[in-house]
Every structure is written in C-alpha cells, then in structure tokens.
Amino acid sequence: MFILDSDSVDPATIVRWPLGLFHSGSSKCKQIAQFINMNYPYCEVAGLNYQIGSIISDDIQKEMDAFKAFYKDASLIFDATAEIGVRHYLSRLAEKSDVPFVSIYGTNNGWGGVIIRVVPNRTEGCWMCFRYWIDDGTIPIPSGDPSEQIQPIGCADPTFTGSSFDLMNITLAGVRLAISTLCADSKNGYPDVDYDVSTVSLRDEKGIPIPPDWKTYKLSKHPNCPYCK
C-alpha cells in the first residue's frame, strides 16, 4: 500500500484524526504508514509526503517521478482528497494506468457524502460522466450545511465542523467498496457490489440528524462527456 499526502497532523482538527494529539505536527501519511506497519504485520505500507500540483513550470519531471512511485504496480487508486481538481487528475491517472478508481467525499459539515467507483472495461461511464450526471440532476447530491466553512485557530485552511462519527459512514463505505473491487475475481473473497455510485444523507435539509439514507446508482456514459463520446 502506498499513501500520498502533503498534510501534517493539526491540533485544530484533531477531532477527525484517528491516532490522537500525540502526533501533532508530524506527517499524516508517515504516521499512518508507521501505525499500520507496526500493528498489522501482513500489510506493508509506504508514505510519501507530497502535494499534488505543487510543481513549478520548469520542474514537471519531479511530479512525474513522484507519481511513478505512487501508481507503479497499483491494483487500485483510492482518492480521499475532497478536492475536485485532484479527483479529476487521479481519475484520469487511474484510467491511463488501467486500474480501478474509488473516490469519496463528504458534503459541508458532514451532512452527507458520495462514493464513486470506476473499473476499467467494466464501468460504462467515467468520473467526468459522474460530474455531468450531477450537474443535470440525474444523480442528486445529499444536502450540505448552507453556512460557510470555518477556519479554526492554528489551521491553515478553511474546513467544516463535521463529526468523525458521521464521516466514518462515508469512509467505511469507501473502504468496503475498495475491498469488494479488489476481491471481485476471487472465489472466496469479499463479494462484489452491483452499483457504481452511492450517496448517503445523514441529515435532512434543516440539518436534523436522520438514520443514514443510502441510494445507489449505475454509472452510464453521459452524452456530453468529452472522454466517453
């Protein structure tokens, strides 16, 4: 397993960090890789502290070299960046590398979330098709808090106040989808699913918590998608 992240553990958002305040100031990917390697001996994890898109115009090779290590021999690319430009980039990288792509994100303040999977030669549409289906309303996105994001003291970027126990519904569903994808061709492995996109609403439009309301969709080609025409 290869983890890529440029972020460090920030005390201001420690509520959503699973390993505790002790790791504040250290690299997230390196701490997670160390934790998994120490506690799960059948796993081998490496972490790279790197920010996608941080290159300057005359240093494009640096990013290409970083990504060769990232996706070399990859069986699946899992995106949890919650950044639309990076999701687009990773989805295209997965397509060109002929590996499955799983992407997850939550709506503002953790009111809901989205999980999408694209499997080469099996999923009809692509990530860009998914964006077009969202734009025309065919795949509705769960509600998010209409209020603006906040910037906690000591945190470099705006964020939202969603709780970890809400957001875990999204992350665990993403892991479940990744495992089912990796085991799809195994006779005795975890069963595969028959959907490509799933959404969950954790609150109603007024912000009142509700039982997780899941909906699933097949991802077909969109007629306006520039990649799948």
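Let me begin with helix α3, residues 84–97, in what is a predicted model: at 1.5 Å a residue, its 14 residues should span 20 Å, and since the C-alpha atoms at its two ends are 20 Å apart, the expectation and the model agree. Within α3, the residues that come out as buried are Val86, Arg87, Leu90, Ser91, Leu93 and Ala94. These residues cover an arc of only 160 degrees around the axis, which puts them on the same side of α3. As background, an α-helix has 3.6 residues a turn, so residues three or four places apart point the same way.

Let me turn to the ends of this helix. At the N-terminal end, Glu83 acts as a cap on α3, with a side-chain oxygen placed 2.9 Å from the backbone nitrogen of Gly85. Just after α3, Asp98 adopts a positive phi, of about 60 degrees.

Two arginines deserve a word here, with respect to aromatic rings. Arg87, which I listed among the buried residues of α3, lies over the face of Tyr105, at 4.3 Å from the ring centre. For Arg92, the charged end sits over the ring of Tyr227, and the distance to the centre of that ring is 3.7 Å. And how many aromatic pairs does the count give? The count comes to zero aromatic pairs by the rule applied here.

I move now to the strands, and to β6, residues 197–203, in particular. Six of the seven residues of β6 are buried, so this strand is largely enclosed by the rest of the structure. Strand β5, residues 112–118, runs antiparallel to β6 and is joined to β6 by five bridges, and in this pairing Ile116 stands opposite Val197. Strand β7, residues 209–217, also pairs with β6 in the antiparallel sense, over six bridges, and here the bridge partner of Val197 is Tyr217. Val197 therefore gives us a convenient point of reference, with Ile116 opposite and Tyr217 as the bridge partner in β7. The connection between β6 and β7 is a hairpin with five residues between the strands, and Gly207, in the turn, has a positive phi of about 90 degrees.

Let me close with Trp214, which lies in strand β7. Is this residue buried, partly exposed or exposed? With a relative accessibility of 35%, Trp214 counts as partly exposed. Trp214 is 14 residues away from Val200 in sequence, while in space the C-alpha atoms of the two residues are 4.4 Å apart.

Note on methods:
Residues are numbered from 1 along each chain as its sequence is written. This is a predicted model: local features need pLDDT of at least 70, side-chain atom pairs count only at pLDDT 80 or more; totals for chains, interfaces and linings use all residues. Side-chain values use heavy atoms; hydrogens and water are left out. Rings of Phe, Tyr and Trp (its six-membered ring) pair if their centres lie within 6.5 Å; planes under 30 degrees apart count as stacked, over 60 as edge-to-face and the rest as tilted. A charge sits over a ring if NZ of Lys or CZ of Arg is within 6 Å of the ring centre and within 35 degrees of the ring normal. Helices (H or I, at least four residues) and strands (E, at least two) are DSSP runs, numbered from the N terminus. The expected span of a helix is 1.5 Å times one less than its number of residues. Buried means under 20% relative accessible area, exposed over 50%, partly exposed in between (1.4 Å probe, protein chains only). The arc is that of the directions from the helix axis to the C-beta atoms. A polar contact is a pair of N or O atoms within 3.5 Å; within protein, one must be able to donate a hydrogen and the other to accept it, and residues adjacent in sequence count only if both atoms are side-chain atoms. Two strands pair if DSSP finds at least two bridges between them.
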